[in-house]
Amino acid sequence: MPSMVVKQIRSWQIPQNVPNRPAELPPGTTVRLAIEFDGHGYCLLANELDGDYTFSEWNPSLKTAEAEATRFFGPTSKDWETMGLQ
């Protein structure tokens, strides 16, 4: 089964107050976030829009992937655009 984008945020500016933000990304960096379903779990993906930084992390559930996105990058559940399978 090919991966399918479940949720995305096309352009997200990382807020100042994200305590677990990756060290390579200063506050204010703009990233594209996506959560893909691979048939077994959910992969959180982040790509810096104006740079080379990429991030991927596999999670067992959509809820966990969203929580990890919040922990590392700061969006809340209302910030996501739903694309497909839930």
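## A salt bridge within helix H1

At 36% relative accessibility, arginine 71 counts as partly exposed, a value that, like the others in this report, comes from a predicted model. The side chain of arginine 71 meets that of glutamate 68 in a salt bridge, with a distance of 3.1 Å from N to O. Glutamate 68, for its part, counts as buried, because its relative accessibility is 16% and the cut-off for a buried residue is under 20%. The two partners, glutamate 68 and arginine 71, are three residues apart in helix H1, so about one helical turn separates them.

## A salt bridge between a strand and a helix

The structure holds four salt bridges, and another of them joins the side chains of lysine 7 and glutamate 66, again with 3.1 Å from N to O. Because lysine 7 lies in strand E1 (residues 4-13) while glutamate 66 belongs to helix H1 (residues 62-73), this pair ties together parts that are 59 residues apart in sequence. Lysine 7 and glutamate 66 are both buried.

## A salt bridge with an exposed partner

Lysine 78 and aspartate 79 also form a salt bridge, in which the closest N and O atoms are 3.6 Å apart. Lysine 78 counts as exposed, at 71% relative accessibility, whereas aspartate 79 is partly exposed, with a relative accessible area of 26%.

## Aromatic rings

Turning from charged side chains to rings, a search of the whole structure finds four aromatic pairs. Ring pairs link Phe55, Phe72 and Phe73 into a cluster.

Methods:
Residues are numbered from 1 along each chain as its sequence is written. This is a predicted model: local features need pLDDT of at least 70, side-chain atom pairs count only at pLDDT 80 or more; totals for chains, interfaces and linings use all residues. Side-chain values use heavy atoms; hydrogens and water are left out. Rings of Phe, Tyr and Trp (its six-membered ring) pair if their centres lie within 6.5 Å; planes under 30 degrees apart count as stacked, over 60 as edge-to-face and the rest as tilted. Helices (H or I, at least four residues) and strands (E, at least two) are DSSP runs, numbered from the N terminus. Buried means under 20% relative accessible area, exposed over 50%, partly exposed in between (1.4 Å probe, protein chains only).
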